Amino acid sequence: MQLTDRPEWQDLRNHFETVKNLHLRDLFATDPERGSVYAISVTDVYLDYSKNRITADTLPKLMTLARACNLEPARDAMFRGDKINTTENRAVLHTALRSSSSDPLIVDGQDIRPAIKAELEKMTSFATAVRDGTWLGYSGKPLKNIINIGIGGSDLGPVMVTEALKAYSQHDIHLGFVSNIDANNFVEATRGLDPAETLFIIASKTFSTDETMTNAQTARDWLLATANDEAVIAKHFVALSTQTDKVTAFGIDPANMFSFWDWVGGRYSLTSAIGLSIMIAIGPDNFKELLAGFETMDEHFRTAPLEENMPVIMALLGVWYSNFFGAETEAILPYDQYLHRFPAYFQQGNMESNGKSVTKAGAAVNYSTGPIVWGEPGTNGQHAFYQLIHQGTHLIPADFIGTIKPINKLGEHHRKLTANLLAQTKALAFGKTANELTAEGVAPELVSHKTFRGNHPTNTLLLSSLTPRSLGQLIALYEHKIFVQGIIWDINSFDQWGVELGKVLATDIYQQLASSQAEGGDSSTTNLLRQFLD
C-alpha cells in the first residue's frame, strides 16, 4: 500500500486542513502551560518543541501513522542485526559500536562484540602511543602532525567531532584533514609541516576510493621526497580499511591497519575505526565518554514509548512539515561555535540517507522524502540568511541548538549568545503585527515592511554543556530521527546509489582529458572538454 493511501495518512490530511491556518500566537494564548507540556529531556539534552504548529491531536495522529508503518518492529530489527539494508543485503549496526552490552550479537553466524572490543583496544593503544610521544617517525621524532585523508563519512564525522570537542583536545598535536581531490586541499593541509613529524591516516573501507587514494598517493610522494626510503611508510601511514592486500601493497604494515565492517555505513562510522583521528585528538577516555553518550540516546530510542521518544517526536514533526505543509528545507542552527560543522555533517547524514525517490520495493513515491538540510552557527546566520526565514516566502522549520553552561566563560558572551537564541525562536514564533507597529508610531508606509508574520516552527535543543557525552547524545538523536523518517517514507536510508553515476562518468571523462580527446557524447560536455584541452 502506498503511504498516501493509508487511512492514517488521510486522517492526517483532514486534520491538516483544520489546523493549517492556526497561529502560534493563538496556540500559546489558549494554553499558558504549552512551553512545559511540549518538552522532553534525555539526560543531557532538553528539547522544547512547543513552537511547532501542532495541537493536542497532531502528534497522536502522527504516532498512529508511525505504528501503521511498523516503526517499532523496524527499530527492533535494526538493533537485532537484521539485514535491513535490503539493496546491499547488509545489517545496519552502528549502534553496536557504542554498546557496552556483553550479550552476543550475531551477524552472519558470528558474535561481533569481541571484534568491536578488540578494535577499540587497538585504537586505544595506538592513540596513546601517538599522544604520549612514544610512536616515533623515521628520524626518531614524535609525530605531532596528524593528517586524516578520507571523504564523505570518513571525513565529515571526524572533522565535525574534533571541531566540536576542540576544548578537550591535546593542543600540542596538530590535526588536519584532506578530503577534496582538488590539489589545493592537500597543499594547504601540509603547508609548513615537517614530514618527519607527520602521520597520515588513510580512511577508505575499500582502499580504492578515487579521491582518497589520489590524495594518499600524493601524501606518499610528499613523504618520500624527504625520506627517500620506502621503508619509512610503515612509520608514517596507518590505514582504516578492510582490504589487507591493498593496504600492504601501498606499503602500510598490516599491523597498523584498523578494521571496520560492512554493517557500518560511512555516514554512521565515526564511532568505528574511522574515529581514530578523534581518539588521537581528545584521548581514549574522552572517546569512550563520546561512545557512552551515543549509547544513552540509543537506549532511549530503543526502549522509550513512541509518545515519549525524542528522536521519534523530532522525526514526526519533520514529516508533518515536509509532507503536509510542503516545506522543502530545514535548518540546523547551532548557537555554539564549536558546533559550526554540525549542520554540514547532518547535511550528508540526512540527504544521503533519505534523498530517495523509490520505496524499498522499487516503486516510485508520490510524496516528498528527504528535506534539504543546511545551516550555520548563530549569531553569524542572523546577519546572513535569517531575513529570508523571517520575512521570505518559504516555510523553513529550524532546529536551534544551544548550551546552558559554556566551555569558555568570557565576560557577557554566553549570556548575549543565549539571549539571541531565545529571541530568534520567539520572534519566529510570534512575529510582530501591523497593529503593534502602528501603536508604536511606525510610519504607515513602513508598516508592511516591518511586519513579521511569525508562525515559523522551531525546535530548541539545549545541552547541559558541550561535552563528549552530550555530543554523542546529540548526534545519535539526529541519526535516529533520520531512521524514523525513512521508515515512514518506506525508503532505504542506508544505501547511496545516487553517488555512483557521477563517479563512473568522471572516470571516462578523465581518460579523455588525459588523452587530449574531446568526445563528451553531448554537445555541452564536448565543448567544455575543448575549453580545457585548448
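User: Which residue with a positive phi follows helix H6?
Analyst: This is a predicted model, where local features need pLDDT of at least 70, side-chain atom pairs count only at pLDDT 80 or more, and totals for chains, interfaces and linings use all residues. Residues are numbered from 1 along each chain as its sequence is written, and side-chain values use heavy atoms, without hydrogens or water. Helices (H or I, at least four residues) and strands (E, at least two) are DSSP runs, numbered from the N terminus. With a phi near 85 degrees, the residue after H6 is Gly133.

User: How far apart are the end C-alpha atoms of H6?
Analyst: H6 covers residues 113-131, 19 in number. The expected span is 1.5 Å times one less than the number of residues. That predicts 27 Å, and the end C-alpha atoms agree, lying apart by 27 Å.

User: In the E1 and E2 hairpin, which residue takes a positive phi?
Analyst: E1 and E2 pair (at least two DSSP bridges between the strands). Their sense is antiparallel, over four bridges. Two residues sit between the strands, and the one with phi near 50 degrees is Thr43.

User: Which residues of E1 point to the buried face?
Analyst: Buried means under 20% relative accessible area, exposed over 50%, partly exposed in between (1.4 Å probe, protein chains only). Side chains alternate along E1 (residues 39-42). Ala39 and Ser41 point to the face that is not buried; on the other are Ile40 and Val42.

User: How far from Arg53 is the nearest side chain of opposite charge?
Analyst: Lys and Arg count as positive, Asp and Glu as negative; His and chain ends are not counted. A salt bridge needs a side-chain nitrogen of Lys or Arg within 4 Å of a carboxyl oxygen of Asp or Glu. Arg53 is buried and has none. The nearest candidate, Asp26, is away by 10 Å.

User: Which residue's backbone oxygen does the Arg53 side chain reach at 2.9 Å?
Analyst: Arg53 is in the loop between strand E2 (45-48) and helix H4 (58-68). A polar atom of its side chain lies 3.2 Å from the backbone oxygen of Asn455. The backbone oxygen at 2.9 Å belongs to Lys20.

User: How many residues apart are Lys356 and Asp495?
Analyst: Their side chains meet in a salt bridge, 2.8 Å from N to O. Lys356 is in the loop between H15 (342-354) and E11 (372-374), and Asp495 in the loop between H20 (468-489) and H21 (500-514). Lys356 is buried at 15% relative accessibility, and Asp495 is buried at 5%. The pair links distant parts of the chain, and the separation in residues is 139.

Notes
Polar contact = N/O pair within 3.5 Å; in protein donor to acceptor, adjacent residues only side chain to side chain.
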